[in-house]
Amino acid sequence: RAFTQLDYAAVTVGYVIMRIGLVAQWLRAAIEHPDRRQTALRYALGVTLVQVGWVSRLFLPPDLGLAAFAPLVVLELLVPIWAESASRPTSFHRGHIAERYGLFTIIVLGECVLAATTAVQEAVSAGGISLPLLTLAAGALVLVLAMWWAYFKHDSTVEPTELRQAFIWGYGHYFVFASIAATGAGLHVAADLTHEEAEIGPMVAALAVAIPVVVYLLTAWLVSRGGRTLAAVTPVLIGAAVIVASAVLLSPIGVPLAVLVMGLSVATLVGVSAYRASRVPATG
């Protein structure tokens, strides 16, 4: 109902219940850790006020309620920044957080595999097995596995220690997760084109895969431990250009071929990157 009727009541209630538990934990932290009480109380207050905003939004007219969605999301994201700007920031366990983010990345990649698999199954049922479908299936598999490799080749992408960089690392993962999900949706569109006509055309369908992959590569580089340097990003930019060029130049021949080249390009990119990293002498 949230998507078809703009009825966010059930979604909001479930979200508020989850956030109430978070507020209770921050209040508990404020009681048990006097040295960081101000930070914990800021979290509790900020989260509570934003939840009041989400509930109040349910009573607005549909157009105003939709317009209020983005500002409330921004306020949600600003609460940690405001809370951590207190006298003593939270002493997070960076290794544990990095592990949680990595596991969620695996989950979203699994959903991407599920979306592509479902699309291939539907294509087989509708038009049978064909060379374009087999090419697309192979390209999608290589692409998703290479995306997994691109994230985890940097020593679990450990969260930075400096607070500003930590926020870039944490919020950058929103784009990591979203781009993976968008890639799955793009692969679904590409699979549909193997057995039915579509209004969007082959180039748009290929770009529906290429653009999320490019966003993923750039944000995976942003949150990686390998360093945000020009030397590190140059191969990523070259790979991104090759992926977009594949979508534009090869889609008239066939979207499955374009997807296969994208997958091989990402695999080559991370393979070369991993090889270069293995040649750097260990320090410390």
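**Notebook: cores, rings and salt bridges in a predicted model**

I began with Thr12, which at 7% relative accessibility counts as buried, where buried means under 20% relative accessible area, exposed over 50%, and partly exposed in between (1.4 Å probe, protein chains only). Before going further I noted that this is a predicted model, in which local features need pLDDT of at least 70 and side-chain atom pairs count only at pLDDT 80 or more, while totals for chains, interfaces and linings use all residues. I also noted that residues are numbered from 1 along each chain as its sequence is written, and that side-chain values use heavy atoms, with hydrogens and water left out.

**Entry 1: around Thr12**

I placed Thr12 in helix 1 (residues 9–32); helices here are DSSP runs (H or I, at least four residues; strands are E, at least two), numbered from the N terminus. I then asked which residues Thr12 is in contact with, leaving aside its neighbours within four places in sequence. I found Trp54, Val55 and Leu58, with contact meaning heavy atoms within 4.5 Å.

**Entry 2: aromatic rings**

From Trp54 I went on to the rings, and a search of the whole structure gave eleven aromatic pairs. For this search, rings of Phe, Tyr and Trp (its six-membered ring) pair if their centres lie within 6.5 Å, and planes under 30 degrees apart count as stacked, over 60 as edge-to-face and the rest as tilted. Trp54 and Phe69 make an edge-to-face pair, with 5.3 Å centre to centre and 70 degrees between the planes. This pair links distant parts of the chain, since Trp54 is in helix 2 (residues 37–57) and Phe69 in helix 3, 15 residues apart. I looked up the burial of both partners: Trp54 is buried, with a relative accessible area of 7%, whereas Phe69 is partly exposed, with 33%.

I next took Phe104 and Phe177, whose ring centres are 4.7 Å apart and whose planes stand at 75 degrees, so this pair is edge-to-face. Phe104 lies in helix 4 and Phe177 in helix 6, so the pair ties together parts that are 73 residues apart in sequence. Phe104 is partly exposed at a relative accessible area of 42%, while Phe177, at 16%, counts as buried. I also recorded one aromatic cluster, which is formed by Tyr8, Tyr15, Trp54 and Phe69.

**Entry 3: salt bridges**

How many salt bridges does the structure hold? I found five, a salt bridge being a side-chain nitrogen of Lys or Arg within 4 Å of a carboxyl oxygen of Asp or Glu. One of them joins the side chains of Glu76 and Arg19 (2.8 Å, N to O). Glu76 lies in helix 3 and Arg19 in helix 1, so the pair ties together parts that are 57 residues apart in sequence. I checked whether each is buried or exposed: Glu76 is buried, with a relative accessible area of 10%, and Arg19 counts as buried at 17%.

The side chains of Glu32 and Arg28 also meet in a salt bridge (3.5 Å, N to O). Because Glu32 and Arg28 are four residues apart in helix 1, about one helical turn separates them, and Arg28 is partly exposed, with a relative accessible area of 48%. A further salt bridge is made by the side chains of Arg36 and Asp35 (3.4 Å, N to O); here Arg36 is partly exposed at 24%, and Asp35 counts as partly exposed at 40%.

**Entry 4: nonpolar cores**

I then turned to the largest nonpolar core, which has 45 residues, and in which Ile180, Leu187, Val213, Tyr216, Leu217, Ile243 and Met262 touch the most other members. A nonpolar core is a set of buried Ala, Val, Leu, Ile, Met, Phe, Trp, Tyr and Cys residues joined through side-chain atoms within 4.5 Å. Helix 4 (94–127), helix 5 (131–152), helix 6 (163–192), helix 7 (202–222), helix 8 (230–250) and helix 9 (255–278) each supply at least two residues of this core. Helix 7 gives the most to this core, with ten residues. Following Met262, and not counting residues up to four places away in sequence, I found that Met262 touches Leu143, Ala206, Val209, Ala210, Ile243, Ser246 and Ala247. There is also a second, separate core of twelve residues, including Ala30, Tyr43, Val47 and Val50.
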